[in-house]
Amino acid sequence: MSHNVLEDVAKSAPEVEVETEEQILARVRTNLRRNRLRTWGLRIALIAVWLGAWELTATVWIDPFFYSKPSLIWDRLVEWFTEGTQFGSIWLQMYTTVQEAVLGFVIGAVAGVVLGTLLGRSRYWAEVLAPFIKALNAVPRIVLASLFIIWFGLGLSSKVATVVVLVFFAVFFNAFTGAREVDGNVINNARILGASKRQVLSSIVLPSATTWILSSLHTAFGFALIGAVVGEYAGASKGLGLLISNAQGTFDSAGIYAGMIIITVIALLAEWAISAAEGRLLKWRPSQAAASHGI
């Protein structure tokens, strides 16, 4: 009797569909695509609401001469990219600023990684040089930019020097911390197996500090652009900083915003490139941490 009851229950139970591996992967890809579209749709909606509110406010309530508005900023961007600026082609201004930022970024990042890693593994020299490094880091960058213009002139060198100072400390402290955080047991085991100091540094310390160093590069390139613009703002013959400075002097608020937008786009492109490089270099790192954080 009980056997018949069990058979009836089994027959009446709904059949469970078993998904294949291809179906599971297709469903995951569909969900990811849907989430990506939803995210970008919300971003675009927020930007549209913000720009629309700004345009309406500047048209009805506030004076666009001081606060500008999106339509005026768009007109200024179109003018720069079609007719040029007072100081030449907009592409020349962008190239100048990017060149200064990239050169200073490379020099400052390399110096920061090397010195940060070496001092991170040498407690004695880190203690000796700590007051000097902290004192240099406390010097206002705008003052250094003015000094560099006096020392190196209005050309490329003064802007690169300003960028190097900004980038160096951003990378140095992360490289220093990353070198300090290396597991001592791993280093001791490597030394027991006969590894030299150079081998320990190149094979253990640097790879372990890579996450810290790459993390600092995201912020460092933003500082590189800031350094280039600040240097041009203090004194230059071309560059985006000069355009912003000239727009300020002529009360052209639309020109200030237009320069800011161009710099922001360049920074976002650089951020994308650094993130792509980071993804390639850190394929071994679990992705759960990146997936659990929105930023």
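Me: Among contacts in the chain between residues at least 6 apart in sequence, what share joins residues at least 24 apart?
Reply: The model is a predicted one. Contacts between residues at least 6 apart in sequence are the set considered here. Within that set, the share joining residues at least 24 apart is 74%.

Me: How many helices and how many strands are there in the chain?
Reply: Read along the sequence, the pattern is α-α-α-α-α-α-α-α-α-α-α-α-α. The count for the chain is 13 helices and 0 strands.

Me: What percentage of the residues of the chain count as buried?
Reply: A residue counts as buried when its relative accessible area is under 20%. The chain has 295 residues. Of these, the buried part is 32%.

Me: Which helix gives the most to the largest nonpolar core?
Reply: The largest nonpolar core has 36 residues, and Phe105, Val167, Leu240 and Ile262 have the most contacts inside it. Helices that each supply at least two residues of this core include α2 (21-60), α5 (90-120), α8 and α12 (253-281). With 10 residues, the helix that gives the most is α10.

Me: Leaving aside neighbours within four places in sequence, which residues is Val167 in contact with?
Reply: Val167 is one of the residues with the most contacts inside the largest nonpolar core. With neighbours within four places in sequence left aside, its contacts are Gly104, Phe105, Gly108, Ala109, Ala220 and Ala224.

Me: How many residues does the second, separate core have?
Reply: This core is separate from the largest one, and Ala126, Ile133, Ala161 and Phe168 are among its residues. Phe168 is buried, with a relative accessible area of 14%. The residue count of the second core is 11.

Me: Is Thr162 buried or exposed?
Reply: Thr162 is found in helix α8, residues 156-180. The cut-off for a buried residue is a relative accessible area under 20%. The value for Thr162 is 3%, so Thr162 is buried.

Me: Which residue has the backbone oxygen that the side chain of Thr162 reaches?
Reply: Leaving aside neighbours within four places in sequence, Thr162 is in contact with Ala145, Phe148 and Gly227. Its side chain also reaches a backbone oxygen at 3.0 Å, and that oxygen belongs to Ser158.

Me: Why does the distance between the end C-alpha atoms of helix α6 agree with the number of its residues?
Reply: Helix α6 covers residues 123-138, which makes 16 residues. At 1.5 Å a residue, the expected span is therefore 22 Å. The end C-alpha atoms agree with this, being apart by 22 Å.

Me: At which residue does α6 bend by about 50 degrees?
Reply: A proline, Pro131, follows the bend within four residues. The bend itself is at Leu129.

Me: Is Trp151 buried or exposed?
Reply: Phe148 and Trp151 both lie in helix α7 (residues 141-152), 3 residues apart, or about one turn of the helix. They form an edge-to-face aromatic pair, 5.7 Å centre to centre with 65 degrees between the planes. Phe148 has 9% relative accessibility and counts as buried. Trp151 has a relative accessible area of 54%, so Trp151 is exposed.

Me: What type of aromatic pair do Phe168 and Phe172 form?
Reply: Both residues lie in helix α8, 4 residues apart, about one turn of the helix. Their rings are 5.5 Å apart centre to centre. The angle between the planes is 20 degrees, and planes under 30 degrees apart count as stacked. The pair Phe168 and Phe172 is therefore stacked.

Me: Which residues form one aromatic cluster with Phe168 and Phe172?
Reply: Phe172 counts as buried at 3% relative accessibility. The cluster that holds Phe168 and Phe172 also has Phe169, Phe173 and Phe176.

Me: How far apart in space are Ser208 and Arg180?
Reply: Ser208 lies in helix α10 and counts as partly exposed at 39% relative accessibility. In sequence, Ser208 and Arg180 are 28 residues apart. In space, C-alpha to C-alpha, the distance is 9.9 Å.

Me: Is Phe251 buried or exposed?
Reply: Phe251 is in the loop between α11 and α12. Its phi is near 55 degrees, a positive value in a residue other than glycine. The cut-off for an exposed residue is over 50%. At 59% relative accessibility, Phe251 therefore counts as exposed.

How values were computed:
Residues are numbered from 1 along each chain as its sequence is written. This is a predicted model: local features need pLDDT of at least 70, side-chain atom pairs count only at pLDDT 80 or more; totals for chains, interfaces and linings use all residues. Side-chain values use heavy atoms; hydrogens and water are left out. Buried means under 20% relative accessible area, exposed over 50%, partly exposed in between (1.4 Å probe, protein chains only). A polar contact is a pair of N or O atoms within 3.5 Å; within protein, one must be able to donate a hydrogen and the other to accept it, and residues adjacent in sequence count only if both atoms are side-chain atoms. Contact means heavy atoms within 4.5 Å. The expected span of a helix is 1.5 Å times one less than its number of residues. The bend at a residue is the angle between axes fitted to the seven residues ending there and the seven starting there. A nonpolar core is a set of buried Ala, Val, Leu, Ile, Met, Phe, Trp, Tyr and Cys residues joined through side-chain atoms within 4.5 Å. Rings of Phe, Tyr and Trp (its six-membered ring) pair if their centres lie within 6.5 Å; planes under 30 degrees apart count as stacked, over 60 as edge-to-face and the rest as tilted.
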